[in-house]
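This report describes selected features of a predicted model. Please consult the sequence and structure below alongside the text.

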Amino acid sequence: MCGIVAYKGRQNASEIIVPSLKKLEYRGYDSWGIAVINENNIEYVKKSGRIEGEDIEINLGDANIGIGHTRWATHGSVTDENAHPHLSNDGNVAVVHNGIIENYKELKKFLETNDFKFVSETDSEIIPNLIEYYCKNVRFKTAVKRTLKRIKGNYSIVAIERETGIICASRRGSPLVLGIGEDATFVASDIPAFLDYTTNVVYLYDGDIVLIDEEISFFNLDENVEVKREIEKIEWDAEQAKKGNFKHYMLKEISEQVDSIERAITQDKELIEGFAKDIKKARNVFLVACGSSYHASLHGSYLLGKNTSINAIPVLASEFKNYINFIDQESLIIVISQSGETVDVLDAVKMAKEQKGKVLAIVNVQGSSLTREVEKYILMNAGPEIGVLSTKTYTSQLAILSLISYSVNNKYKKGLKALKALIKYVYALTSKNTREYLKKLSRNLRYVEHIYTIGRNLEYPTALESALKIKEVSYIHAEGFAGGELKHGTIALIEKGTPCIVFVPEKNNEEIISNMIEVKSRGAYIIGIGSKNIEEFDFFIKVRDAGELNSICQIIPIQILAYHLAVMKGHDPDKPRNLAKSVTVK
Ligand code: F6R
């Protein structure tokens, strides 16, 4: 995954593009570059590493048209040459690209036999050169169309032409959105790139090509016609996408959960009840997602199983093909995704639709590919989540799934009341006191090699999510288990001092307590999360009991713990190594 920004307006393009790119570094940050059209020349800078120090003030002269890219290498190692933008041999076209060109070898051979030379190891460098190849006979826009018709794979690209100053952008299976300011037009992989300038956006559809010249026009490659795309106003504001007084986005987003949960449950009642009706009507129900969102779907499945007669099957999106024989027009598939761009999720949606299943979504990013592919969707309304880890969007997913589960039981009002009451618990959990308290625990744990997390029933998905939060940001090996499962093998790894986090509900807790005693008696250091301190706990994290809504609260101290562990170990919690915010490659 990479970040793309393009700008055409009245201001200095490099001064706008570089800070905007910085806002997209969560999408990739191993190298970056910009190119601007300056007095009939394309001037560019390409660098390995992050945008740092003086980079942010780079000024490539008085140009007001340009493109930029922050890269997460997929094709070719991390070098200055492989960074984007890439230029055509004649220097007339510069391109930034996100995605993978599957038929790159064949296209490279074709260009080489036509005397084109390559300076990078990337597949992306094919694009400006193919455009140059076609530009010999046709205008820039047609050359871009012909180029894109030859490319196999998912992409988002922006190309600029030196001669005309035209920007041409297109997407297929990879996000790209336009920002329409008063005197400026932006193209970017994600809205925060231009939120300081405008909240008017145009979402591009797959196969769309947008041409930004004196006017803006749209063409769809698949339909082979000019198309109209509407300007939409988005609710997010620039402040939401900034760190404010927080050192990191991750901590800011953890602390925002009082508001994000409130917004998640402030939904159109009819929409939630509509989902509930669809669930009751369906012959079979699947909850499909990846990573943290999958943990939310597992939780949703347990909730429905516990409170209703619905058997909703949680499925990892990347494994969905194994369920395809069970999907028909009476099946309901609810996909859960923060970004709405995860390729495994989008593939699962495609498969489900091919089988005539009814597909709905719970999603955070308005206008994302997912919102266009499903029959209807519930927006999480969590606001932009810039930190790579899912934090506030995870609890929003749990809150929405809880509300749906209450609605399936015709208890929407009761559910809403219970969720509203929960918000004051969340307030205490995100307070400075709690954060300081958990800092102590982080100091105890910062040098450990392994952490185990256990929970039963509704606390089992929480155990899985806790382990994921800890390992992805602190790089400490962490594994989550159902309480009853540890003794079937992994207990062999417990030795004196091995930290084990245990989620203990107020009621029906005998079995998890007994699992805890099993590990405690092998020397484990027990970190207990629950409403009451228990003798066996070595460290106690108090979380008021919220019954079936416990999971929404219990994950929060772990998010904070994971954050402190990362910071104490000198890692950047907003950009964990090897990870990107949305996974748009297989
Ligand atoms: C973990 C995390 C990932 C995502 C997963 C799915 O903190 O963020 O595991 O949950 O990549 O992403 P979405 O929800 O965007 O489909």
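Which residue stands opposite Val225 in E14? The residue that stands opposite Val225 is Asn220.

**Strand pairing**

The pairing to which Asn220 and Val225 belong is that of E13 with strand E14 (residues 225-227), an antiparallel arrangement over 3 bridges. These two strands form a hairpin with 4 residues between them. In the turn of this hairpin, Asn224 has a positive phi of about 60°. E13 also pairs with strand E12: residues 208-212 (E12) and residues 216-220 (E13) run antiparallel and are joined by 5 bridges. In this pairing Leu211 stands opposite Ser217 of E13, and the hairpin that leads from E12 to E13 passes through 3 residues.

**Salt bridges**

In total, the model contains 27 salt bridges. Three of them are set out here, each with its N to O distance.

| Lys | Acidic partner | N to O distance |
|---|---|---|
| Lys575 | Glu25 | 3.8 Å |
| Lys242 | Asp196 | 3.0 Å |
| Lys306 | Glu548 | 3.4 Å |

The salt bridge between Lys575 and Glu25 has its closest N and O atoms 3.8 Å apart. Lys575 lies in the segment after helix H16 (550-568), whereas Glu25 is in the loop between helix H1 (13-23) and strand E2 (31-38), so the pair ties together parts that are 550 residues apart in sequence. Both ends are buried, given a cut-off of under 20% relative accessible area: the value for Lys575 is 16%, and that for Glu25 is 1%.

Asp196 and Lys242 meet through their side chains at 3.0 Å, N to O. Here the acidic residue belongs to the loop between strand E10 (185-188) and strand E11 (200-203), and the lysine to the loop between strand E15 (232-233) and helix H5 (249-255); the pair therefore ties together parts that are 46 residues apart in sequence. Asp196 is partly exposed at a relative accessible area of 38%, and Lys242 is likewise partly exposed at 29%.

In the salt bridge of Lys306 with Glu548, the closest N and O atoms are 3.4 Å apart. Because Lys306 is in helix H8 (residues 291-307) and Glu548 in the loop between strand E25 (539-542) and H16, this pair ties together parts that are 242 residues apart in sequence. Glu548 counts as partly exposed, with 25% relative accessibility.

Salt bridges with shared partners also build a network, which joins Lys22, Glu25, Arg50, Asp572 and Lys575. The pair Lys575 and Glu25 described above thus belongs to this network.

**A positively charged surface patch**

Where on the model does positive charge gather in a patch with Lys424, Lys532, Lys542 and Arg544? These residues form their patch on the surface. One of them, Lys424, lies in helix H12, which spans residues 412-429. Is Lys424 buried or exposed? Its relative accessibility is 52%, and because the cut-off for an exposed residue is over 50%, Lys424 counts as exposed.

**A buried loop residue**

Ala241 is placed in the loop between E15 and H5, the loop that also holds Lys242. With a relative accessible area of 5%, Ala241 is buried. Ala241 is separated from Ile334 by 93 residues in sequence, and the distance between them in space is 28 Å, C-alpha to C-alpha.

Key: Residues numbered from 1 in each chain as written. Predicted model: local features only at pLDDT ≥ 70, side-chain atom pairs only at ≥ 80, totals over all residues. Heavy atoms only, no water. Patch = residues over 30% accessible without salt bridge, like charges linked within 9 Å, V, L, I, M, F, W, Y side chains within 5 Å. Areas by Shrake-Rupley, 256 points an atom, 1.4 Å probe, with all protein chains shown as cover. Salt bridge = Lys/Arg side-chain N within 4 Å of Asp/Glu carboxyl O. Lys, Arg positive; Asp, Glu negative; His and termini not counted. Charge placed at Lys NZ, Arg CZ, Asp CG, Glu CD. Buried < 20%, exposed > 50% of the residue type's maximum accessible area, 1.4 Å probe, protein only. Pairing = 2+ DSSP bridges.
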